[in-house]
Amino acid sequence: MARPISPLWLLLLSLIYTLLSSHRTSGAVSGVDGRKEYIVYMGDKPLGDFSAAAAHTNLLQQVFGSEIASDSLQYSYKRSFNGFVVKLTEEEMKQLEGGVVAIFPNEKKKLHTTRSWDFIGFPQQVNRTTIECDVIIGVLDTGIWPESDSFKDVGFGPPPSKWKGICQGLSNFTCNNKIIGARYYKSDTTFSPEDLQNPRDSEGHGTHTASTAAGGLVSTVSLSGFGLGTARGGVPSARIAVYKICWSDGCSDADILAAFDDAIADGVDIISL
């Protein structure tokens, strides 16, 4: 019997198609050796025991030899689909593309914001059910500021049993029963002075989108006195899992896919990107 298709799988496949469609004319930034980062998509994850890193290294060794394979493999997607990130010259990329489903350059995306729930006709007084607190929203953005009043966990019980993720925080970042998990990604390992090398948000965008999706009710909020009222998310009792993929230089395609890979395995119900 065929396995049922998860809605998150459909979203992931849609994202991959979007990345493929949007990379027809532009290339990724080259390194000093002329190599660029490419994302290689190989289709579904094989059933049974499967070592992604070993399989991907073996493929690169067959095509290019052991020296290039060991130095160029940047990341293996191993949880939700079969693919990897590799540094290649344009000639090497053309040599590899005939043996995989798709290959496209790792580029940067720019951030956009959201609008209020009242504006789209979703009032605060909408009827809600008790299962809302078992909903986990994965937020792929610039991280989160956990001390914000929108993310207090007063009245929350422990995370749902389906949650399999982690809190990748350091001494200055902790999760709670509202923010139940956090991870961060930087495939090129290049950080600017303003980047915080943890899930904490240094730009505010991720905190804003997380509170828009699932922030708790915070009364008497305004912007310099304008728009005074109650700030809230669309699903204020839902849990939040943070996946920091955006930095001062943008949001890497490789990091976006890595976060999708983890979020699906972690057990999130909804992904906000």
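How many cavities of 30 Å³ or more does a search of the whole structure find? The search finds one. The model toured here is a predicted one, and the route below leads from its sheet to that cavity and then to two further sites.

**The sheet**

Begin by selecting strands β7, β10, β6 and β13. In that order, these four strands form an open sheet with parallel pairing. Colour β7 (179-184) and β13 (270-272) separately: these strands stand at the edges, and because each has a single partner strand, one side of each is left without a neighbour in the sheet. A view along the strands serves to examine the twist; on average, neighbouring strands of this sheet are turned by 20 degrees against each other, direction ignored.

**The β6-β10 pair**

Next, select residues 136-141, which make up β6, together with residues 239-244, which make up β10. The two strands run parallel and are joined by six bridges. To follow one bridge, display V139 and its partner in β10, V242.

**The helices on the sheet**

Add helix α5, residues 205-214. Helix α5 lies across β6 and β10, and runs at about 155 degrees to β6. Then add helix α6, residues 253-266, which packs on the sheet and touches β6, β7, β10 and β13. The direction of α6 makes about 150 degrees with that of β10.

**The cavity**

Keep β6 and β10 on display and show the residues around the largest cavity, which holds about 30 Å³ of space. Its lining consists of V139, L140, D141, T142, G143, I144, A210, I240, V242 and Y243. The elements that contribute two or more residues to this lining are β6 and β10. The bridge partners V139 and V242 are among the lining residues.

**T189**

Now move to the loop between β7 and α5 and select T189. What is the approximate phi of T189? The angle is near 55 degrees, a positive value in a residue other than glycine. Is T189 buried or exposed? With a relative accessible area of 60%, T189 is exposed, since the cut-off for that class is over 50%.

**Helix α4**

Finish at helix α4, residues 90-97, and show the side chains of E92, M93 and L96, which are buried. Why do these buried residues lie on the same side of α4? They cover an arc of only 100 degrees around the axis, and this places them on the same side of the helix.

Key: Residues are numbered from 1 along each chain as its sequence is written. This is a predicted model: local features need pLDDT of at least 70, side-chain atom pairs count only at pLDDT 80 or more; totals for chains, interfaces and linings use all residues. Side-chain values use heavy atoms; hydrogens and water are left out. Buried means under 20% relative accessible area, exposed over 50%, partly exposed in between (1.4 Å probe, protein chains only). The arc is that of the directions from the helix axis to the C-beta atoms. Two strands pair if DSSP finds at least two bridges between them. Axes are lines fitted to C-alpha atoms, for helices over the stretch in contact, and angles run from 0 to 180 degrees between N-to-C directions. Contact means heavy atoms within 4.5 Å. On a 1 Å grid over the protein atoms alone, a cavity is a set of points where a 1.4 Å probe fits but cannot get out, and a pocket is an open set with protein on both sides within 12 Å along at least five of seven lines; lining residues have an atom within 4 Å of a point. Grid points are joined across faces, edges and corners, and a volume is the space filled by probe spheres set on the points.
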